[in-house]
Amino acid sequence: MMSYREGAYVVDTGNGTFAQVMGRIGPRVQVRRHEDGREWEVPPTALRLATFEECRAADPADRCDGCERTREGRRDAEARGDKSAMTDAAVLMGRHQREAHP
């Protein structure tokens, strides 16, 4: 079973919704919709890590230097097949989004 870090961008495979991991409640993962902030809980088996393309499509700050540096790091990690670094980049992007683009 995959474990997702707080801040990671994921897709709920049950409904296809792009979301951000907010934390855990028991065995379930609490996620939040990117668009409206609505939260729900889902079993970790019903989630997958969002692709670079999905993250970019959902990113409202296309011209931010901080966003672009994080995207470049994720692209590099994806090219290397380094899933841990990809997750780290997703977490960094989530943190950056909360701080720079509230």
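## Salt bridges

A salt bridge here is a side-chain nitrogen of Lys or Arg within 4 Å of a carboxyl oxygen of Asp or Glu. The model is predicted. By this rule it holds 6 salt bridges. One of them joins Glu41 to Arg28, with the closest N and O atoms 3.8 Å apart. This pair links distant parts of the chain. Glu41 sits in strand E4 and Arg28 in strand E3, 13 residues apart. Glu41 is partly exposed, at 36% relative accessibility. Arg28 is partly exposed as well, with a relative accessible area of 33%.

Arg48 pairs with Glu54, the closest N and O atoms being 2.7 Å apart. Arg48 counts as partly exposed at 32% relative accessibility. Glu54 also counts as partly exposed, at 25%. Another bridge brings together the side chains of Glu68 and Arg75, at 2.7 Å from N to O. Glu68 is partly exposed at 23%, and Arg75 is partly exposed at 28%. A network of salt bridges links Glu68, Arg71 and Arg75.

## Nonpolar cores

In soluble globular proteins, nonpolar side chains tend to be buried together. In this model the largest nonpolar core has 16 residues. Those with the most contacts inside this core are Tyr4, Val10, Val21, Val29, Val31, Val42 and Leu47. At least two core residues come from each of strand E2 (17-25), strand E3 (28-33), strand E4 (39-42), strand E5 (47-49) and helix H3 (83-100). H3 gives the largest share, 3 residues. Apart from this core lies another, of 8 residues. Its members include Tyr9, Phe18, Cys64 and Cys67.

Val29 shows what surrounds one residue of the largest core. Leaving aside neighbours within four places in sequence, Val29 is in contact with Val21, Gly23, Arg24, Trp40, Glu41, Val42, Pro44 and Leu47. Among these contacts is Glu41, the residue that forms a salt bridge with Arg28.

## Helix H3

H3 has 18 residues. From first C-alpha to last, H3 reaches 25 Å, close to the 26 Å expected at 1.5 Å a residue. At its N-terminal end, Asp82 acts as a cap. A side-chain oxygen of Asp82 lies 3.3 Å from the backbone nitrogen of Ser84.

The buried residues in H3 are Met86, Thr87, Ala89, Ala90, Val91, Met93, Gly94, His96 and Gln97. Their cover includes strand E1 (9-12), E2, E5 and helix H2 (65-80).

## A buried arginine in H2

Does Arg74 of helix H2 lie buried or exposed? Arg74 is buried, yet has no salt bridge. The nearest side chain of opposite charge belongs to Glu78, 5.0 Å away. A salt bridge needs the nitrogen within 4 Å of a carboxyl oxygen, so a separation of 5.0 Å does not qualify.

What does the side chain of Arg74 reach instead? One of its polar atoms lies 3.2 Å from the backbone oxygen of Met86. Met86 is one of the buried residues of H3. Beyond neighbours within four places in sequence, Arg74 is in contact with Leu49, Ala50, Thr51, Phe52, Met86, Ala89 and Ala90. Ala89 and Ala90 are likewise buried in H3.

## A buried glutamine in E2

Gln20 is found in strand E2. Its relative accessible area is 3%, so Gln20 is buried, the cut-off being under 20%. Which backbone oxygen does the side chain of Gln20 reach? The side chain reaches that of Gly7, at 3.1 Å.

Setting aside neighbours within four places in sequence, Gln20 is in contact with Gly7, Ala8, Tyr9, Gln30, Val31, Arg32, Gly94 and Arg98. Among these partners, Val31 belongs to the largest nonpolar core, Tyr9 to the other core, and Gly94 to the buried residues of H3.

## Two partly exposed positions

Gly37 is placed in the loop between E3 and E4. Gly37 is partly exposed, at 33% relative accessibility. Its C-alpha is 15 Å from that of Arg95, which stands 58 residues away along the chain.

Arg56 is in helix H1 (residues 52-58). At 38% relative accessibility, Arg56 counts as partly exposed. Arg56 and Cys67 are 11 residues apart in sequence, and their C-alpha atoms are 9.5 Å apart in space. Cys67 is among the members of the 8-residue core.

Definitions and conventions: Residues numbered from 1 in each chain as written. Predicted model: local features only at pLDDT ≥ 70, side-chain atom pairs only at ≥ 80, totals over all residues. Heavy atoms only, no water. Core = buried A, V, L, I, M, F, W, Y, C linked by side-chain atoms within 4.5 Å. Buried < 20%, exposed > 50% of the residue type's maximum accessible area, 1.4 Å probe, protein only. Helix = DSSP H or I, 4+ residues; strand = E, 2+ residues; numbered from the N terminus. Contact = heavy atoms within 4.5 Å. Expected span 1.5 Å × (residues − 1). Polar contact = N/O pair within 3.5 Å; in protein donor to acceptor, adjacent residues only side chain to side chain. Lys, Arg positive; Asp, Glu negative; His and termini not counted.
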